[in-house]
Amino acid sequence: MTATVGQQAQAAARANDVWKVYGSGEAQVIALRGVSAEFERGRFTAIMGPSGSGKSTLMHCLAGLDSVTRGTVSIGETTVTGLGDAGLTKLRRDKVGFIFQQFNLLPTLTAKENILLPLSIAGRKPDPAWYDTVIETVGLKDRLDHRPAQLSGGQQQRVACARALVSRPEVIFADEPTGNLDSRSGAEVLNFLRNSVREHGQTIVMVTHDPTAAAYADRVVFLADGEIVSELIEPTAETVLDTMKKLDTPAEVGN
Amino acid sequence: MFRATLKSLLARKVRLILSGLAVVLGVMFVSGAFVLTDTLGRSFDSIFADAYSDVDVNVAAKPKVQVNEMEGEQTAAALPAAVVDRVTQVPGVASATGVVAADGARIIGSNGKVVTSFGPPQLGENWTGEGELLRLREGRAPQAEDEIVINKALATAAKVQVGQKVGVLTAFESKKRDFTLVGVVGYSGDRDSIGGANEVFFTTPVAQRLMLGEPDVFSNITVRAAGGVSDETLRDDVSGALGADFEVKTGEQLAADAAGGLKEGLSFFNKILLGFAAVALLVGTFLILNTFSIIVAQRTRELALMRAIGASGRQIIGSVVLEAIAVGLIASVLGLAAGIGVGALLAFLFGKFAGGLTLAGIGVPAAAVIGAFAVGLVITVVAALLPALRASRIPPIAAMQDVATPDRPLTKVTVAGSLVTGVGAVLLFLGLSGNAGGQTLSTILGGVLFAFIGVALLTPLISRPVVSLLGAIFSWSVPGKLGRLNSGRNPRRTAITAAALMVGIALVTGVTVILDSAKGSISALAQDTIKAELVIAGVQGGPRPPSFDPGVLDQAKALPGVQLVDGEYGDMAKIDGESTWVAASSDPASLRQIFGAKPTAGDIDRIGPTQMLASSDTATSRGWSVGSTVTVQLTRGEARTYTVSGIYESSQLTNPVTLPPAAAKNFAIPQPIQGFIQLAPGTRVSDVQPQVEALLADSPEVSVADRDAFIKQQTSSLDGLLTMIQILLALAIVIAVLGIINTLALSVLERTRELGLLRAIGLRRSQTMGMITVEAVVISVFGALLGVVVGTGLGAAVVEALKDEGITDLILPWGQMGVFLGLAAVIGVVAAVLPAVRAARINVLGAIAHD
């Protein structure tokens with residue numbers, strides 16, 4: 001247990017006084033205003049907020065997809081801020097996994113090839129036991145040779161999840177992973193993500209605007225106008241919804 | 001949204017420019033060809049107008065044998081000197097001058113080599129005094145037998161000065177004779193030559209003897225009219241006085257006739273250039289078709305929306321075609337401009353090469369303008385028609401769906417492809433087997449065109465297995481595998497792109513197969529048949545083949561170890577009114593002993609003074625048998641009757657007709673043009689060769705070589721032809737490369753999101769570029785492979801058809817084919833550069849963040 005405590009003491013991803021400013025002068029938009037946050041190892045964190053609150057920008061900055069204007073971002077022991085393209089590529093290859101709203105599978109590859117793609121790009125062999133576990137959990141055993149076009153939306157997203165999990169990244173960033181799914185498929189995917197955190201100690205950071213989805217997380221961080229305004233531990237759909245309602249009327253939050 | 005629209009428009013502009021470039025290049029070729037031939041044509045006009053400016057009326061004897069520009073040089077018959085007096089007495093004639101002017105006066109330069117003109121004649125003339133055109137620049141007129149005057153350009157080329165001894169070969173003497181250069185002439189307007197022609201002036205008796213072969217004859221008579229008499233009147237009067245045996249023409253007519261002959265050659269040249277332009281445009285059509293198909297596919301939503309808000313199918317077609325017209329118009333204008341530039345440049349280079357041809361101003365003939373617009377517009381619109389039709393079939397509902405256009409089945413296109421290929425094959429068969437009536441050439445060309453289109457239609461089907469097989473080479477790496485999968489993704493697009501490359505490569509391969517087979521067959525035959533260890537021959541640098549002193553033949557015969565010597569003479573003659581190539585051999589025994597001829601009738605070992613031999617093919621087609629009598633009119637002398645005394649089996653090495661040795665003195669070139677020396681058994685070639693070399697010291701146009709070197713030299717002209725064809729076809733290949741760039745750039749654009757994802761999950765920039773490059777290489781190697789296969793098929797078909805013409809060996813240029821495939825790989829890499837850089841630069845976030 002001490003090990004777990006030790007691990008938790010060290011965050012999987014960390015943002016330190018992160019500012020993100022687009023444009024300049026009149027057209028200047030401040031997307032993030034000095035956000036500091038830690039995302040602990042082995043936990044499922046949701047980032048919530050109304051559209052335009054900066055939640056996606058925060059995730060992009062954390063994942064090294066976007067640069068920050070000020071402040072630093074780190075993943076595990078790697079400082080992301082200041083890395084060049086080669087460094088960022090290596091970071092994404094070795095330490096980060098992605099799940100997108102649009103699934104983003106390669107249409108030319110089978111489900112299995114899609115899942116193994118990050119490993120083959122990095123030139124690594126999958127750990128067979130882990131691979132079997134992942135396939136088992138996503139429940140795609142009989143669909144591995146299908147191409148994305150032959151899979152339903154839910155199945156495609158599960159392939160995408162398996163792709164993110166199979167290389168055991170430091171952290172998986174999920175951007176509205178259920179945004180394109182019906183509620184049943186969405187629930188399947190979220191259950192699966194939660195299980196991978198609970199059973200295998202995976203770290204997941206998920207951006208969503210859906211309170212039901214956020215309720216699957218261990219912790220919810222709320223963003224509004226580029227700042228962290230609130231936080232919930234062990235959320236339920238109701239508590240998340242309540243907090244969101246308050247955020248929609250900024251005056252109350254201010255009070 | 002506005003930005004997105006603007007962006008897609010801009011992206012489309014680049015694409016349209018790329019496909020427009022294909023039209024520009026094609027149109028450039030077409031208009032360039034017209035500008036070039038027009039400019040050269042007018043330059044020739046002005047040259048001859050100049051050359052005959054001192055002539056009011058010209059009298060010449062009717063040529064004994066009419067020869068057209070393609071067959072060689074026309075040689076006029078000689079006029080007896082007495083005709084000059086008859087012309088002088090015609091009323092209205094101010095003066096009549098007998099002129100000797102014949103091709104074949106060759107100066108030996110200070111380096112010991114014969115000065116060649118590369119086309120324009122090398123005239124040997126009698127000195128008739130200065131005129132408005134001709135002026136002595138240095139020295140004086142020739143007065144003694146051993147004195148000459150030459151034109152300035154020739155003096156410069158030969159690096160000789162007044163006062164020096166100069167060696168000259170003449171029409172009737174291919175043995176060097178020394179003259180003293182006493183003067184140098186130039187022409188009005190400070191010109192050193194007229195159209196690159198070399199002129200050597202002798203005293204009249206010397207010119208008559210050396211250039212016409214008999215005393216007291218002239219080539220023609222130039223007449224000046226007395227004051228107040230028009231050229232036409234004088235012509236008619238002179239003609240009336242002399243009778244029908246003479247050709248009397250005004251100077252203007254003469255100039256027009258002379259230029260006309262050359263222009264006939266030019267128009268042939270023009271047709272060849274237009275043929276290559278057609279190939280380039282065919283390839284361009286593929287490219288435009290592909291571009292418009294892709295544009296339509298990308299605009300599916302937009303077009304469906306237009307349908308949904310009430311646009312008719314016809315309006316959709318109209319909008320696509322309008323776009324095509326715009327592209328075609330702009331490309332035609334640019335192509336025309338580029339064509340004028342290229343035509344002017346080529347004319348300039350031609351002028352330089354042809355010994356300082358003075359160019360008339362660059363002209364843009366109407367044909368260039370009409371051709372440019374007709375070709376540019378028609379090709380673009382025709383190519384855009386199919387995509388336009390497809391655009392009009394987009395259902396309005398497509399606007400509401402996120403259409404992942406399903407892969408349409410390839411059945412229809414494959415059936416169409418098989419049909420078109422079948423039609424092509426039938427046409428080719430008809431054309432090649434000689435069953436196409438008088439339309440052999442157009443039937444074969446039509447067959448090739450149909451075959452290309454048919455194969456292009458079949459390509460999508462072929463592409464699946466072949467592309468995955470080719471791609472397997474690269475599948476060891478992840479980017480390689482992804483690239484391979486991408487290239488198999490849209491079989492139609494890959495197919496059209498590859499088919500464009502196929503056309504160029506197929507033509508080059510086909511031509512190479514044919515020429516290599518011809519070369520190989522002839523070499524093999526020559527090697528098997530010619531039983532001569534040494535051969536005397538030269539390299540032809542102008543219209544007149546190199547010749548040598550016949551005395552060398554007898555001297556060579558006397559050398560120890562020499563068994564048989566044969567000097568070959570040739571002439572274009574009229575036999576019973578039909579133009580026929582005739583030959584004469586200094587020793588008729590050589591026919592059997594050196595060339596291995598087999599008699600099929602009569603006796604071919606000897607030829608009596610009034611006998612002749614014929615090849616079996618000629619005898620069959622002319623209906624001759626042993627004992628037939630025929631009338632032969634050679635370039636010089638009177639018509640004579642010969643009796644066919646023997647018939648030999650036709651082969652590539654036998655002449656249609658062989659005349660007795662004595663007939664050679666009336667040939668246009670009365671000297672041997674090739675010599676074959678057979679050595680006695682056991683004699684070493686290296687012992688005899690230097691001695692023959694020494695005999696040829698005064699015949700600098702030719703040299704002696706062993707048989708293999710001779711065969712190589714004789715077939716080397718085919719290599720030059722092949723290189724020229726390859727250069728001209730390179731344009732088609734360049735256009736195909738544009739097509740590959742276009743297709744890839746488009747794929748990169750379409751797959752932005754995918755590329756972003758790959759980068760997001762850790763694909764390096766270099767790996768991204770590798771992926772695109774593999775896709776390009778697979779497409780281009782596939783195209784080249786198709787081209788090599790189709791080209792080999794076409795070449796083999798032609799070779800098969802030419803079996804009876806002596807091309808018996810089918811030789812496949814494996815090395816060349818390997819080079820083409822390697823080249824295709826390089827082309828792929830080059831074509832991939834820009835799209836790959838673009839793909840590598842894709843902003844990861846921008847690509848994957850949802851829209």
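# Exercises on a predicted two-chain model

In this predicted model, chain A has a mean pLDDT of 85, and 93% of its residues reach 70 or more.

## Exercise 1. Confidence along chain A

Identify the elements of chain A with the lowest and the highest mean pLDDT, and locate stretches where pLDDT is below 50.

*Solution.*
1. Helix 1 (residues 2-9) of chain A has the lowest mean pLDDT among the elements of that chain, 38, while strand 8 (residues 204-207) of chain A has the highest, 94.
2. Residues 1-9 of chain A have pLDDT below 50, and this stretch makes 5 contacts in the model beyond near neighbours in sequence.
3. Residues 251-255 of chain A also stay under 50, with 5 contacts beyond four places in sequence.
4. Where pLDDT is low, predicted coordinates should not be read in detail.

## Exercise 2. The environment of A:Ala174

Determine whether A:Ala174 is buried or exposed, and list its contacts beyond four places in sequence.

*Solution.*
1. A:Ala174 belongs to strand 7 (residues 171-175) of chain A.
2. A residue counts as buried if 20 or more other C-beta atoms lie within 10 Å of its own.
3. A:Ala174 has 28 other C-beta atoms within 10 Å and is therefore buried.
4. Leaving aside neighbours within four places in sequence, A:Ala174 is in contact with A:Ile99, A:Leu193, A:Ile204 and A:Met206.

## Exercise 3. Helix packing in chain B

Classify the relative orientation of helix 6 and helix 18 of chain B, and describe the residues of their contact.

*Solution.*
1. Helix 6 (residues 251-298) and helix 18 (residues 707-750) of chain B pack at an angle of about 5°, and their axes are 8 Å apart.
2. Angles under 35 degrees count as roughly parallel, so helix 6 and helix 18 of chain B are roughly parallel to each other.
3. Helix 6 of chain B contributes residues including B:Phe276, B:Val283 and B:Asn290, and helix 18 of chain B contributes residues including B:Leu728, B:Ile735 and B:Asn742.
4. The residues of this contact divide into 15 nonpolar, 6 polar and no charged.

## Exercise 4. The interface between the chains

State how many residues of each chain are in contact across the interface, and which element of chain B gives the most.

*Solution.*
1. The contact joins 17 residues of chain B to 21 residues of chain A.
2. On the chain B side, the elements giving two or more residues are helix 12 (478-487), helix 19 (752-760) and helix 22 (844-848).
3. Helix 19 of chain B gives the most, with 4 residues.
4. By class, the side of chain B that touches chain A has 9 nonpolar, 3 polar and 5 charged residues.

Terms used
Residues are numbered from 1 along each chain as its sequence is written. Chains are lettered from A and ligands numbered from 1 in the order in which they are written. This is a predicted model: local features need pLDDT of at least 70, side-chain atom pairs count only at pLDDT 80 or more; totals for chains, interfaces and linings use all residues. Two residues are in contact if their C-beta atoms, placed from the backbone, lie within 7 Å. Ala, Val, Leu, Ile, Met, Phe, Trp, Tyr, Cys and Pro count as nonpolar, Asp, Glu, Lys and Arg as charged, and the others, Gly among them, as polar. A residue is buried if 20 or more other C-beta atoms lie within 10 Å of its own, exposed if 12 or fewer, and partly exposed in between; C-beta atoms are placed from the backbone. Axes are lines fitted to C-alpha atoms, for helices over the stretch in contact, and angles run from 0 to 180 degrees between N-to-C directions. Angles under 35 degrees count as roughly parallel, over 145 as roughly antiparallel, 65 to 115 as roughly perpendicular and the rest as oblique. pLDDT is the predictor's confidence in each residue, from 0 to 100.
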